[in-house]
Amino acid sequence: MFIQTEQTPNPASLKFLPGRAVMDVGTANFPSVDSAARSPLAQRLFEVEGVTGVFLGTDFVTVSKADTIDWYVLKPSILGVIMEHFTAGRPVILAETAAEGSEGQSAEDSEIEAQIRELIDTRVRPAVAQDGGDIIFQGYDHGVVYLHMQGSCSGCPSSTMTLKAGIENMLRHYIPEVTEVRAVA
């Protein structure tokens with residue numbers, strides 16, 4: 001098994017591409033060891049000293065690290081955990097639950113929210129997935145769009161620029177009612 005790595009815009013995150021499907025549907029974000037109970041892979045990655053977050057995409061694993069340790073120290077251990085996990089055929093997620101990145105529209109969604117979701121899903125999420133992250137629509141209220149950033153997007157120095165110069169400008173162009181985009185935790 002050959003696992004490729006890619007740098008992300010966030011220097012504290014690295015994207016690992018195992019060459020096979022990681023998640024069948026959606027994404028899964030594990031910002032702490034306590035949140036990783038449903039993923040044997042995330043649990044094993046958190047055992048590597050210095051790992052502070054794990055994000056699972058359709059065909060990649062993004063790992064975030066502490067500032068006190070360098071990638072050249074962490075990378076071999078992370079590669080070993082991922083390789084051993086997939087080679088052994090272990091499950092990535094234990095119980096099939098709704099994936100975080102695949103929540104559907106509710107009947108209460110307004111037309112504006114539906115347009116926002118469509119633009120986020122078709123234009124934004126594929127682009128940020130290439131950088132090892134994800135952006136989830138959280139809500140819309142009086143012209144303000146609230147988005148939750150995950151994976152390499154969370155804590156990335158360029159995330160504010162992505163939100164303001166990229167996503168906000170695009171949404172304002174297509175949906176005049178949108179006046180601002182804000183990140184939520």
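**A five-stranded sheet, its helix and two cores**

In this predicted model, five strands form an open sheet in the order β1-β2-β5-β4-β3, and their pairing is antiparallel. The edges are taken by β1 (4-7) and β3 (28-30), each of which has a single partner strand, so one side of each is left without a neighbour in the sheet. On average, and with direction ignored, neighbouring strands of this sheet are turned by 20° against each other.

At the β3 edge, three bridges join β3 to the antiparallel strand β4, which covers residues 51-56. Within this pairing, A28 has L56 of β4 as its bridge partner. Helix α2 (residues 71-87) packs on the sheet, where it touches β1, β2 (13-17), β4 and β5 (61-65), and the direction of α2 makes about 30° with that of β2.

The nonpolar interior can be taken up next. In soluble globular proteins, nonpolar side chains tend to be buried together. Here the largest nonpolar core has 27 residues, and L56, V61 and I78 are those with the most contacts inside it. Two or more residues are given to this core by each of β2, β3, α1 (40-46), β4, β5 and α2, with the largest share, six residues, coming from α2. The surroundings of V61 show how several parts of the chain meet: leaving aside neighbours within four places in sequence, V61 is in contact with L14, K15, F16, V22, L41, L45, V54, F55, L56 and I82. Apart from this core lies another, of 19 residues, among them I116, I135, L147 and I167.

F55, one of the contacts of V61, also belongs to an aromatic pair, and the count of such pairs comes to one. A pair of aromatic rings is described by the distance of the centres and the angle of the planes. For F55 and F60 the ring centres are 6.0 Å apart and the planes stand at 35°, so the pair is tilted. Both partners are shielded by the protein chain: F55 counts as buried because its relative accessibility is 1%, and F60 likewise counts as buried at 3% relative accessibility.

A polar residue completes the picture. R125 is found in helix α3, which spans residues 111-130, and this arginine is buried, because its relative accessible area of 16% falls under the 20% limit. The side chain of R125 is joined to that of D121 by a polar contact of 3.2 Å, while a polar contact of 2.8 Å joins the side chains of R125 and D134.

Technical notes:
Residues numbered from 1 in each chain as written. Predicted model: local features only at pLDDT ≥ 70, side-chain atom pairs only at ≥ 80, totals over all residues. Heavy atoms only, no water. Pairing = 2+ DSSP bridges. Helix = DSSP H or I, 4+ residues; strand = E, 2+ residues; numbered from the N terminus. Axes fitted to C-alpha atoms, helices over the stretch in contact; angles between N-to-C directions. Contact = heavy atoms within 4.5 Å. Buried < 20%, exposed > 50% of the residue type's maximum accessible area, 1.4 Å probe, protein only. Polar contact = N/O pair within 3.5 Å; in protein donor to acceptor, adjacent residues only side chain to side chain. Core = buried A, V, L, I, M, F, W, Y, C linked by side-chain atoms within 4.5 Å. Phe/Tyr/Trp six-rings, centres within 6.5 Å; stacked < 30°, edge-to-face > 60°.
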